[in-house]
Amino acid sequence: MNGPFHALPKTKHHFTKLLKQCSATRSLAGTKHLHASILSSGLELTHLPSAAAVAYAKCGHVSYARKLFDEMPERSSLLYNTIMKMYIQYGSSYEAIKLLVEMVRLGKYEPDNYTYPIVIKACTDLNLCKLGIVLHGRTLVNGYDMDSFVQNCLIAMYMNFGEVNAARKVFDEMWERSVVSWNTMISGYFKNGYAKQALAVFDWMVNSGVEPDCASVVSVLPACGYLKEIEVGKRVHAFIENKALANNIKACNALVDMYVKFGSVKEARLIFDKMSDRDVVTWTSMIYGYTLNGEVMNALDLFRLMHFEGVRPNSLTIASLLSACSSLKDGQSLHGWTIRQKLECDVLAETALIDMYAKCNHIELSLRVFGRTSKKRTVPWNAILSGCIHNGLVREAVELFKQMLMEVVEPDEATLNSLLPAYAILADLQPATSIHCYLIRSGFLSSTEVATKLIDIYSKCGVLESAYKIFNGIPEKNKDIVLWSVIIAAYGRHGHGETAVSLFKEMVRSGVKPNEVTFTSALHACSHAGLVDEGLNLFHFMLENHKTSPCADHYTCIVDLLGRAGRLDEAYNLIRTMPFKPTHAVWGALLGACVIHENVELGEVAAKWLFELEPENTGNYVLMAKIYAAVGRWKDAENVRDMMNEIGLRKTPAHSLIEVRNM
């Protein structure tokens, strides 16, 4: 027999030694050669099949390893562990679980502190939460619950299942916590949406004298970026510099990403430029930073440099660039590049292209890209629904949603968030009722965000009873500021100012802090209902108790409120004391009030500013002419109309729309 092992004596000791070498070097050819030598040696080598099975398992030859394993009359816990680990490494976690069941059923071989981490990992991969809890129980019974390796795996498992409290309980009960234990808690908290707890655990780790490693900083930096914790992020940055991690590509990538999330693109670029090695993640993070900051040209320049340096962009890179493209020419160039790189069928790239063309107001190109997708994935459907609504094709969006259901594509919450604005624009009760029934049947109405949009739909349809019924059915703890703002605006829009103010006060009592939008909704309600004192009290409450800087909308509401009540001098004095330059909406509110009360003097002041701010708005000229006509100043009214003619303005004719629906 020829080969590298031919000269060696055929003894059990040497075969065992060589098989271990093959296992260590992952040499499949050497393992096969030795296996053939064992079979042809004629020696009674009873333990060698076990060593050969281990070697095949380490080399990834699953079928050979399992065949030898099944043929063995005697096995060991070590061999069971090796085969189970092999299954997990090569994507057959279910087979690893089956092997554990067989091991326990036979009763001859007990799972040990190496077995449990392997099968706990299998449960994690298969998302078998209940079985994972059972395995946790067995570790308690068999006395392995205080083994740090087992505990680390349990923490990772519970974090993957979203069972954050269970993971924390395991962590709190640990006698010895390694850096891996801390890292697993930090990354687990962040992935489950507990960014503040992730930072707290990191601080606890440092204060406990445990020195963070590269995995620690990579786990904590995303939490810093998410929470905008600049000071903590800079401390971690300094730690990276001091501990010679500045050349570690993963740590540097995490730093770039963090500064991008802070909006500190210059800081991110400084780190980027200092990096000796950059991968596609580095480039993509920096490009995303520029697009997020509105620096589209810098993003495109960096993309060209990336291509020049031979780094192949991925679909996420393309998606980041496409999301920033407001120019059809740039978007089409990127589309062409995507096709040449054979990335056009990637779901991220497809979705970004649909979105980009829609934002460039070329929905026909969005539909063309969408027409080439597989139609079986939810995300492109969400993009085309949103794109249709962005381009005013609300009925088409509703029909596409029906087609989506017929194609048996599962909508998600993002689908409904993309679609529901179409029903609000339609303001038609029958479709609104139909989508309401669908939301109940599908369970989506349990989402506060979806429920908020449905309340807005019923409000636009004028059915406040249904809107309030949905609002009232949401638990108090789930009523956020957006939900309160929508229901307050709903009542205000339909002239129920007292109810809107009452809801506002109820919101404040419940502990929800009003924001700029909520105040605007409440002030609009007061204005529409003529609740002067309530509106002024609310305005002063906003300034004194919430330290909110009033915006143009707030002043517009108060000017409109005072103007409708005939308190025009107060309205004008308020405009004169505004901390910023009055907008056309503020002057428009005053001019509208002057029309109602036929106040020529203040009307001329408001009109003068409006002619300057909105020279092409015919409505302002018409209103001023109306004031002159009301007080008999026909010559001045004619002069205003002549001004319109000189500028070349023509009043837009009104129109009405009657829809006939086939029942």
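Helices account for the secondary structure here: the protein chain of this predicted model has 38 helices and 0 strands. Its 663 residues include 47% that count as buried. If we take contacts between residues at least 6 apart in sequence, 60% of them join residues at least 24 apart. The accessible surface adds up to about 33,900 Å², and carbon and sulfur atoms supply 54% of that area.

Let's go inside next. The largest nonpolar core holds 193 residues, and the members that touch the most others are Met 84, Ile 435, Leu 439, Ile 455, Ile 487 and Leu 590. Helix H15, spanning residues 249–262, gives this core its largest share, with 9 residues. In soluble globular proteins, nonpolar side chains tend to be buried together.

Ile 455 is a good place to pause. Once neighbours within four places in sequence are set aside, its contacts are Ala 467, Ile 470, Phe 471, Ile 474, Leu 483, Val 486 and Ile 487. Of these partners, Ile 487 is itself one of the core members that touch the most others.

Leu 590, another of those core members, leads us to helix H35. This helix runs over residues 584–597, 14 residues in all, and covers 20 Å from its first C-alpha to its last, close to the 20 Å expected at 1.5 Å a residue. Which residues of H35 are buried? They are Val 586, Trp 587, Ala 589, Leu 590, Leu 591, Ala 593, Cys 594 and Val 595. An α-helix has 3.6 residues a turn, so residues three or four places apart point the same way. The cover over the buried residues of H35 includes helices H33 (552–564), H34 (568–576), H36 (600–613) and H37 (618–630). After H35 comes Glu 598, with a positive phi near 55°.

H33 also offers a route to Ser 527, a residue of helix H31 (residues 516–529). Is Ser 527 buried or exposed? Ser 527 counts as buried because its relative accessibility is 2%, and the cut-off for buried is under 20%. Leaving out residues up to four places away in sequence, Ser 527 touches Cys 557, Asp 560, Leu 561 and Arg 564.

Finally, look for enclosed space. The model has 2 cavities of 30 Å³ or more, and the second largest contains about 50 Å³. Its lining consists of Ala 246, Asn 247, Asn 248, Ile 249, Cys 252, Lys 274, Met 275, Ser 276 and Asp 277. Helix H15, which we met in the core, spans residues 249–262.

Key:
Residues are numbered from 1 along each chain as its sequence is written. This is a predicted model: local features need pLDDT of at least 70, side-chain atom pairs count only at pLDDT 80 or more; totals for chains, interfaces and linings use all residues. Side-chain values use heavy atoms; hydrogens and water are left out. Helices (H or I, at least four residues) and strands (E, at least two) are DSSP runs, numbered from the N terminus. Buried means under 20% relative accessible area, exposed over 50%, partly exposed in between (1.4 Å probe, protein chains only). Contact means heavy atoms within 4.5 Å. Accessible areas come from the Shrake-Rupley method with a 1.4 Å probe; for residues, only the protein chains shown count as cover. A nonpolar core is a set of buried Ala, Val, Leu, Ile, Met, Phe, Trp, Tyr and Cys residues joined through side-chain atoms within 4.5 Å. The expected span of a helix is 1.5 Å times one less than its number of residues. On a 1 Å grid over the protein atoms alone, a cavity is a set of points where a 1.4 Å probe fits but cannot get out, and a pocket is an open set with protein on both sides within 12 Å along at least five of seven lines; lining residues have an atom within 4 Å of a point. Grid points are joined across faces, edges and corners, and a volume is the space filled by probe spheres set on the points.
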